[in-house]
Amino acid sequence: MTDTETGHFEQDTKFPSLSRRAFVGGLAVFAALTFIGLPLEHAQAQTAIAQKIADHFASVKTMSGEFVQFGPRGEQTGGKFFISRPGKIRFNYEAPSPMRVIADGKSVVIGNQKMKTWDIYPLSKTPLKLLLSDNIDLTGKMVRSVKEEADLTTIVLGDRTVFGDATITLMFDPKTYDLRQWTITDAQKKDTSVMIFNVKNGVPMDDKVFQIPYDDINNRGK
């Protein structure tokens, strides 16, 4: 695989701030809306808006672009990303990072090439599942809040049965419904935000971009 085929495929990747807890912690349960002071009709309207945006986002089967990541300690990194539905994502971080993050539709791995260590998780147990599903169904009590502003629509999602005690906040352009940013808040209330830009939709994707080196993972420690 060449740099041209993957957009710097061989470049070191990094996902330092999206901690292990953020992946395995996941999303918090949807509280009863009467407990947080929202009328049922308002809640239903919010869910309808969120579902309309989610349907548009899920209809984009492939995308690539650039990103800037902001970590809980103020650290900032950048690079390129690639998404292919269902379930595939890759972050290529700027050198000299030894890290990489890849999801192949079943698993998510965080790898440190320098230390030759790998952490692997079921995709279904991470907040990334919500970004990468073919269909994003928000009717199952996942919408915690929807905030509509002139330049941004913010949707906060939670589902303890799948993701535990973290939340994922998705920020969309209110006119185009395009995703602009997401923030994962782990169980310790630490935020990792990823802002995306120069996004191209519907671009061809080679499955090799999302290959996880299972042989290396299975042979670790041998």
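## Strand pairing in a predicted model

In this predicted model, residues 1-38 have pLDDT under 50 throughout, and the model gives them 134 contacts beyond four places in sequence. Where pLDDT is low, the predicted coordinates should not be read in detail. The protein chain has an average pLDDT of 78, and 76% of the residues score at least 70.

The sheet is open and antiparallel, formed by 11 strands in the order 6-5-4-3-2-1-11-10-9-8-7. Strand 6 (117-122) and strand 7 (143-148) are the edge strands, each pairing on one side only. From one strand to the next, the twist averages 20°.

Three of the antiparallel pairings are set out below.

| Strands | Bridges | Bridge or opposite residues |
|---|---|---|
| strand 3 (residues 88-93) and strand 4 | 4 bridges | Arg-90 and Ile-102 |
| strand 4 and strand 5 (residues 107-112) | 5 bridges | Val-101 and Ile-110 |
| strand 10 (residues 179-185) and strand 11 (residues 191-201) | 5 bridges | Thr-183 and Ser-193 |

Strand 4 (residues 99-104) is largely enclosed by the rest of the structure, because 6 of its 6 residues are buried. In a regular strand the side chains alternate between the two faces of the sheet. In strand 4, Met-99, Val-101 and Ala-103 point one way, while Arg-100, Ile-102 and Asp-104 point the other way; all are buried.

Hairpins flank this strand in sequence. The hairpin that joins strand 3 to strand 4 runs through 5 residues. The hairpin of strand 4 and strand 5 has 2 residues between the strands, and Gly-105 there takes a positive phi near 105°.

Note on methods. Residues numbered from 1 in each chain as written. Predicted model: local features only at pLDDT ≥ 70, side-chain atom pairs only at ≥ 80, totals over all residues. Heavy atoms only, no water. pLDDT = per-residue confidence, 0-100. Contact = heavy atoms within 4.5 Å. Pairing = 2+ DSSP bridges. Axes fitted to C-alpha atoms, helices over the stretch in contact; angles between N-to-C directions. Buried < 20%, exposed > 50% of the residue type's maximum accessible area, 1.4 Å probe, protein only.
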